[in-house]
Protein chains: 2
Amino acid sequence: MITKSLDEFSQDCDHIIITGGLGPTLDDITVKTLYEYFGDNPVFDEEYWKELEKRFKAINMKVPTLNRNQAHTGDKVKMIDNSFGTARGMHFEKDGSNYFALPGVPKEMEGMILSYILPHLEEKLTSKVHCETIRTTGLPESILQEKIVDLIESNKNCDVAFLPHRMLGVDIRLTTSDHKSLLDLKDQIVNRISKYVYGFNNDTIEAIVADKLKEQNLTVATAESCTAGMLSAKLTNLSGSSQYFNGGVVCYSNALKRDIVGVDGDLLDKYGAVSEEVASELASKIATKLKSDIGIGITGIAGPKGGTEKKPVGLTFVGIFYKNNVYIKQYNLTPNRKINRQLTVVLCLNELRKLLEKN
Amino acid sequence: MITKSLDEFSQDCDHIIITGGLGPTLDDITVKTLYEYFGDNPVFDEEYWKELEKRFKAINMKVPTLNRNQAHTGDKVKMIDNSFGTARGMHFEKDGSNYFALPGVPKEMEGMILSYILPHLEEKLTSKVHCETIRTTGLPESILQEKIVDLIESNKNCDVAFLPHRMLGVDIRLTTSDHKSLLDLKDQIVNRISKYVYGFNNDTIEAIVADKLKEQNLTVATAESCTAGMLSAKLTNLSGSSQYFNGGVVCYSNALKRDIVGVDGDLLDKYGAVSEEVASELASKIATKLKSDIGIGITGIAGPKGGTEKKPVGLTFVGIFYKNNVYIKQYNLTPNRKINRQLTVVLCLNELRKLLEKN
């Protein structure tokens with residue numbers, strides 16, 4: 001099967017990438033097959049074995065004998081380093097075609113694509129294509145396109161793709177061989193829809209927010225109900241986050257909202273936990289309690305149960321306290337718990353970004 | 001390009017699945033191409049358009065005119081419902097071959113694979129293959145295989161695959177046409193490595209823990225430092241989680257550990273925040289404070305910075321308070337912040353699972 005496919009693809013393609021089957025276990029036959037296919041003779045690689053011993057020792061383990069399978073090399077192969085696992089990738093060349101075998105574990109494969117395959121391909125390229133991605137959130141792809149369709153039509157030499165990440169945002173990818181018109185079109189689009197643009201290329205919304213918080217020397221505290229720690233987890237994805245993130249309370253019950261965060265019990269009784277009033281209190285009280293410049297309060301009905309006619313599943317309030325004001329946003333999201341929680345975090349980070357940009 | 005590939009693949013394959021290009025924007029040409037290829041005549045689908053209007057109304061938006069593209073159907077096509085987006089899938093049949101066009105957004109594609117394509121394929125199958133997955137955590141794939149290699153060797157009619165999810169766990173997938181020997185082998189493997197098995201097939205570790213907490217009528221509270229809300233977010237992934245999850249504190253700074261959770265300041269000074277002693281205090285104090293049966297304390301150096309010679313990046317302590325005892329685990333994880341945080345959550349849930357199983 002593997003050799004048949006290699007035969008077939010090598011007729012049409014200069015570069016062939018296969019993934020999976022490089023593991024140490026019995027079901028992994030790719031390595032053996034490739035050495036045979038390319039007439040190479042695998043020999044034990046003492047140096048890499050020592051490296052594996054070292055790595056396992058760091059996590060208090062002995063390398064299993066089975067991993068010896070992964071410590072081989074040959075005359076005709078270049079081994080590709082793996083920063084995330086034990087299986088190295090393989091690169092063979094034959095009759096002008098390049099064959100790459102990568103592990104199937106996504107993170108490991110991705111690492112080798114970035115560190116080895118892309119630089120290799122870049123070297124071989126004769127014409128260069130430029131690519132820029134504009135990252136947006138807050139509008140579905142069709143509405144975004146309506147807003148910029150004239151710009152796309154009048155820049156035909158740029159390829160424009162809309163890449164939605166479910167309801168979390170849409171990336172607009174511009175591709176062309178003409179670098180100047182790429183930058184022109186990018187500027188025009190960004191000017192038109194700046195409210196929805198949070199970054200470019202590999203920017204994440206949490207990194208953008210983190211940069212602004214550090215620049216402005218501000219600290220944040222969170223009081224999360226329905227998102228239950230997802231926002232604080234996101235805010236601390238980045239190294240050095242203690243500089244701007246003080247901490248938070250996951251106040252799932254009314255008792256915690258009252259006793260730990262300090263929300264007025266009468267407000268909870270009168271308006272219910274999922275209300276503008278409680279979101280506002282969560283935001284301001286957590287800021288005071290955790291001595292932070294900014295307080296964020298989130299309360300909502302994530303679903304799938306717990307909705308009523310007046311307060312349906314998906315109803316969510318986000319409050320942001322800053323400089324003695326509380327900014328409140330109400331969202332009517334979806335019936336899906338997972339989507340509602342993810343979406344709330346992104347929408348909230350986007351509000352925070354907009355607020356910080358005004359500063 | 002699309003039509004050339006369809007011509008080629010239809011020679012060898014009965015079922016052809018293509019993904020992507022069903023969006024409403026100008027760069028999406030798959031729909032038009034398919035109607036032409038199969039000689040079908042698309043007509044506007046009034047009923048689906050009304051459905052789209054309804055869905056957009058729920059999120060306070062008007063359907064953009066562009067989405068009219070997505071509200072077409074034809075005589076020769078069966079439209080496939082999309083629970084997560086606006087683009088419906090398409091199913092054509094021609095000369096005994098089946099062609100499926102699905103959206104490229106992973107969640108939407110996955111939904112249609114599960115709801116439409118798999119049931120369709122199952123109907124057409126003449127021989128049945130049985131498959132069971134054993135989900136494990138705590139051991140690398142090579143060590144797992146060493147432990148069960150004799151069982152695999154003596155059950156040659158079962159296909160055994162090891163599927164690692166980075167360091168988070170390994171799935172062992174058994175496949176065979178003989179259902180009885182599948183169940184036999186499964187039992188033998190589970191008996192041998194039961195300590196590392198947390199579930200089967202689509203079980204998640206948080207769902208297993210949630211079931212046990214509900215069965216035993218127990219509640220949990222968390223005090224998270226380095227994981228900063230990731231554990232509480234995981235524990236509340238499931239609907240009805242308020243039954244067992246009370247809440248938590250994300251105590252990123254020493255001040256919060258002391259002032260909000262109630263950790264003894266002298267302990268913090270003497271042993272440092274990342275220590276067995278502080279993990280233990282976090283666990284017991286948060287249980288008391290949030291009136292919960294179980295308290296979980298997590299403290300560690302996630303990295304990439306902040307490590308010292310005595311306390312390197314990756315050093316992590318998990319404390320679980322239950323019935324007047326605190327169970328402490330120390331881990332020496334990796335240099336990678338993201339992996340350390342994810343791994344800590346899974347390892348912690350696995351300890352909690354083992355503790356609850358002893359009850």
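Reader: Which domains does the assignment give for chain A?

Author: In this predicted model, the domain assignment divides chain A into domain 1 (2-124), domain 2 (130-200) and domain 3 (213-358). Taken over C-alpha atoms, the centres of domain 1 of chain A and domain 3 of chain A are separated by 46 Å.

Reader: How should I read the overall dimensions of chain A, and what radius of gyration does chain A have?

Author: The radius of gyration of chain A is 26 Å, whereas a compact globule of 359 residues would have one near 21 Å. Along the principal axes, the C-alpha atoms of chain A fill a box of roughly 80 × 60 × 40 Å. The secondary structure within chain A amounts to twelve helices and 15 strands.

Reader: What percentage of the residues of chain A count as buried, and what share of the contacts comes from residues 24 or more positions apart?

Author: Of the 359 residues in chain A, 51% count as buried. Among the contacts in chain A with a separation of 6 or more, 62% come from residues 24 or more positions apart. As for the surface, chain A exposes about 17,200 Å², of which carbon and sulfur atoms supply 49%.

Reader: There are two chains here, so how does one read their relation, and by what turn can chain A be laid on chain B?

Author: In general, two copies of a chain are related by a rotation about an axis and a shift along it. Here a turn of 180° with a shift of 0.1 Å along the axis lays chain A on chain B, and the RMSD is 0.1 Å. The two copies are therefore related as by a two-fold rotation axis. The same surface serves both copies, in that 100% of the contact residues of chain A recur in chain B.

Reader: Let us turn to single residues: is A:N98 buried or exposed, and which residues does A:N98 contact beyond its neighbours in sequence?

Author: A:N98 belongs to strand β6 (residues 97-102) of chain A, and A:N98 counts as buried because its relative accessibility is 1%, where the cut-off for buried is under 20%. Beyond its neighbours within four places in sequence, A:N98 is in contact with A:D14, A:H15, A:I16, A:H91, A:F92, A:E93, A:H120 and A:K124. One of these partners, A:H91, is joined to A:N98 by a polar contact of 2.8 Å between the side chains.

Reader: Where does A:S10 lie, and what does A:S10 touch?

Author: A:S10 is placed in helix α1 (residues 2-12) of chain A, and with a relative accessibility of 23% A:S10 counts as partly exposed. If residues up to four places away in sequence are not counted, A:S10 touches A:I16, A:S97 and A:Y99. A polar atom of the A:S10 side chain also lies 2.9 Å from the backbone oxygen of A:D7. By way of a distance along the fold, the C-alpha atoms of A:S10 and A:L34 are separated by 14 Å, the two residues being 24 residues apart along the chain.

Reader: Which residues of helix α7 are buried, and what covers them?

Author: Helix α7 (residues 205-215) of chain A has A:I205, A:E206, A:I208, A:V209, A:A210, A:K212 and A:L213 as buried residues. Their cover includes β10 (197-200), β11 (220-224), α8 (230-235), β13 (294-300) and α12 (337-358) of chain A. Just after α7(A), the residue A:N217 takes a positive phi of about 55°.

Reader: How should I read a positive phi or a cis peptide bond, and where is A:N201 found?

Author: Most residues other than glycine have a negative phi, and most peptide bonds are trans. A:N201, found in the loop between β10 and α7 of chain A, has a positive phi near 50° and is partly exposed, with a relative accessible area of 33%. A:A228, in the loop between β11 and α8 of chain A, likewise has a positive phi, near 45°, but A:A228 is buried, with a relative accessible area of 0%.

Reader: Which peptide bond of chain A is cis, and which residues does a cis peptide bond join in chain B?

Author: In chain A, the peptide bond from A:G303 to A:P304 is cis, with omega near 0°, and A:P304 is found in the loop between β13 and β14 (315-322). In chain B, a cis peptide bond joins B:G303 and B:P304, with omega about 0°, and B:P304 is found in the loop between β13 (294-300) and β14 (315-322) of that chain.

Key. Residues numbered from 1 in each chain as written. Chains lettered and ligands numbered in written order. Predicted model: local features only at pLDDT ≥ 70, side-chain atom pairs only at ≥ 80, totals over all residues. Heavy atoms only, no water. Least-squares fit on C-alpha atoms with pLDDT ≥ 70 in both. Contact = heavy atoms within 4.5 Å. Helix = DSSP H or I, 4+ residues; strand = E, 2+ residues; numbered from the N terminus. Buried < 20%, exposed > 50% of the residue type's maximum accessible area, 1.4 Å probe, protein only. Polar contact = N/O pair within 3.5 Å; in protein donor to acceptor, adjacent residues only side chain to side chain. Domains from an automatic or database assignment. Rg over C-alpha atoms; globule rule 2.2 N^0.38 Å. Areas by Shrake-Rupley, 256 points an atom, 1.4 Å probe, with all protein chains shown as cover.
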